[in-house]
Amino acid sequence: FPSHDTTRALTIPDAQAQDKVYDGSTDAVITGTLTGVLEGDTVTVGGGGQFDSFGAGVGIAVTSYLFL
């Protein structure tokens, strides 16, 4: 089989942290659609995120920790 080693950008352009109820943690669930995957390839995304504050509020920053 011929080799097709090509670098390709994989992105999640619509990634966003889901709303959460106050539970005393900073855990965040990140959702979105992975783009740039070639047909026939299987790519799995794992990880999550962390809110900068455990308190309730609007516009709290989130850091994502996603990996392939």
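## An aromatic pair

Searching the whole of this predicted model turns up one aromatic pair. The partners are Tyr22 and Phe54, whose rings sit 6.4 Å apart centre to centre, with 50° between the planes, a tilted arrangement. Tyr22 belongs to the loop between strand 1 (16-17) and strand 2, while Phe54 belongs to the loop between strand 4 and strand 5, so the pair ties together parts that are 32 residues apart in sequence.

How accessible is each partner, Tyr22 and Phe54? Tyr22 is exposed, with a relative accessible area of 54%. Phe54 has 47% and counts as partly exposed. The cut-off for exposed is over 50%, so the two residues fall into separate classes although both values are given on one scale.

## A salt bridge

Side chains of opposite charge can pair when their charged atoms come close. How many salt bridges does a search of the whole structure find? The search finds one, and it joins Asp23 to Lys20, with 3.0 Å between the closest N and O atoms.

Both ends of this contact can be described by their accessibility. Asp23 is partly exposed at a relative accessible area of 49%. Lys20 is partly exposed too, with a value of 33%. Lys20 will come up again below, as one of the residues closest to the centre of the largest pocket.

## The sheet

Strands of a sheet pair through backbone hydrogen bonds, either parallel or antiparallel. Here, three strands form an open sheet in the order 2-4-5, and the pairing is antiparallel. Strand 2 (27-28) and strand 5 (62-67) are the edge strands, each having a single partner strand, so one side of each is left without a neighbour in the sheet.

Let's take the two pairings in turn. Strand 2 meets strand 4 (residues 46-51) in the antiparallel sense over two bridges, and Ala28 stands opposite Gly49 of strand 4. Strand 4 also pairs with strand 5, again antiparallel, over six bridges. Within strand 5, Phe67 is the bridge partner of Gly46.

## Asp14 and Gly49

Gly49 gives a handy reference point for a residue outside the sheet strands. Where is Asp14 found? Asp14 lies in the segment before strand 1. The C-alpha atoms of Asp14 and Gly49 are separated by 15 Å, and the two residues are 35 apart along the chain. Asp14 has a relative accessibility of 40%, which puts this residue in the partly exposed class.

## Two pockets

Rolling a probe the size of a water molecule over the atoms shows where empty space is left. The largest pocket has a volume of about 250 Å³. Of its 16 lining residues, Asp19, Lys20, Phe51, Gly57 and Ile60 are the closest to the centre. By class, the lining divides into nine nonpolar, five polar and two charged residues. Two names link this pocket to features above: Lys20 is the salt-bridge partner of Asp23, and strand 4 covers residues 46-51, with Phe51 among the residues closest to the pocket centre.

The second largest pocket has a volume of about 150 Å³. Which residues are closest to its centre? Among the 10 that line this pocket, they are Thr6, Arg8, Gly36, Leu38 and Asp41. Its lining has four nonpolar, four polar and two charged residues.

How values were computed:
Residues are numbered from 1 along each chain as its sequence is written. This is a predicted model: local features need pLDDT of at least 70, side-chain atom pairs count only at pLDDT 80 or more; totals for chains, interfaces and linings use all residues. Side-chain values use heavy atoms; hydrogens and water are left out. Two strands pair if DSSP finds at least two bridges between them. Helices (H or I, at least four residues) and strands (E, at least two) are DSSP runs, numbered from the N terminus. On a 1 Å grid over the protein atoms alone, a cavity is a set of points where a 1.4 Å probe fits but cannot get out, and a pocket is an open set with protein on both sides within 12 Å along at least five of seven lines; lining residues have an atom within 4 Å of a point. Grid points are joined across faces, edges and corners, and a volume is the space filled by probe spheres set on the points. Ala, Val, Leu, Ile, Met, Phe, Trp, Tyr, Cys and Pro count as nonpolar, Asp, Glu, Lys and Arg as charged, and the others, Gly among them, as polar. A salt bridge is a side-chain nitrogen of Lys or Arg within 4 Å of a carboxyl oxygen of Asp or Glu. Buried means under 20% relative accessible area, exposed over 50%, partly exposed in between (1.4 Å probe, protein chains only). Rings of Phe, Tyr and Trp (its six-membered ring) pair if their centres lie within 6.5 Å; planes under 30 degrees apart count as stacked, over 60 as edge-to-face and the rest as tilted.
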